Amino acid sequence: MPLPAPDEAAPGGPPDHEGATVQETFELFSASAPKGWRVELIEEEICVVPPANGEHEEIVTEVVEQVIARRTDQRLRSFTGIGLSLPGAGDAVRVIPDLVIAPKGSFDDREEWHAPAPVRLVAEVTSTSTASRDRLQKIRAYARAEIPVYLLVDRETAEAVVCSDPVADDYAHKSVHKLGTAVPLPAPLGFVLDTSAF
């Protein structure tokens, strides 16, 4: 039996999204992504990120535990899987950092994407598929959003990069530390991160 011509296709067929904007396409990808996958929108580029491997998650967990143990502000909490809506050069930027540090209650709502105002620190741990964005586009995005501290744990270079004092689309201060050493985190964190367990 021959296939129906396009104008005879069943009404329940797949929808036609031709001409969709980047933002609309991002929403479509987000809605259909498999569980555990992250879909981000950075500088009008849609990034689909597979679930992280065990080493990646071990590092994130180690940072979380040290934040809980060493924070000077007891209101601060560690969040994973939080979507942030950041200002961009064009459309809004949508990112899901590996780790967000913010006061308790900052994301106590039913929203999927949150304003960055309460965020004190974001952290990213590089993976092969994310390293270049973590090093370039995300620095610009987090600086534009005036997030005070961006911690980049770069597994490929075996370095921890601490970015602080956001100015326009960059950070005024960047310090680079070899993994395995003590990494000072500036205010509002104000403690030394031990990366020997990384």
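In this predicted model, the largest nonpolar core comprises 24 residues, and those touching the most other members are L84, L86, V100 and I147. At least two residues of this core come from each of the strands β4 (83-86), β5 (93-95), β6 (99-103), β9 (149-154) and β10 (159-167), and likewise from the helix α4 (137-144). The contribution of α4, at four residues, is the greatest to this core. A second core lies apart from it and consists of 21 residues, including I59, V67, L151 and A160.

The surroundings of V100 can be described in more detail. When neighbours within four places in sequence are set aside, V100 is in contact with R77, S78, F79, I82 and L84, and also with F107, V119, L121 and V122.

Turning to open space, the largest pocket has a volume of about 530 Å³. Its lining is made up of 28 residues, of which G36, W37, R38, G81 and I96 are the closest to the pocket centre. The elements β1 (38-42), α2 (54-70) and β7 (113-114) each supply at least two residues of that lining, and α2 provides the largest share, with three residues. The composition of the lining is set out below.

| Residue class | Residues in the lining of the largest pocket |
|---|---|
| Nonpolar | twelve residues |
| Polar | twelve residues |
| Charged | four residues |

Helices thus appear in both descriptions: α4 gives the most to the largest nonpolar core, while α2 gives the largest share of the lining of the largest pocket.

Notes: Residues numbered from 1 in each chain as written. Predicted model: local features only at pLDDT ≥ 70, side-chain atom pairs only at ≥ 80, totals over all residues. Heavy atoms only, no water. Core = buried A, V, L, I, M, F, W, Y, C linked by side-chain atoms within 4.5 Å. Buried < 20%, exposed > 50% of the residue type's maximum accessible area, 1.4 Å probe, protein only. Contact = heavy atoms within 4.5 Å. 1 Å grid on protein atoms, 1.4 Å probe; cavity = no way out; pocket = protein on both sides within 12 Å on 5 of 7 lines; lining within 4 Å. Points joined across faces, edges and corners; volume = space filled by probe spheres on them. Nonpolar A, V, L, I, M, F, W, Y, C, P; charged D, E, K, R; others polar.
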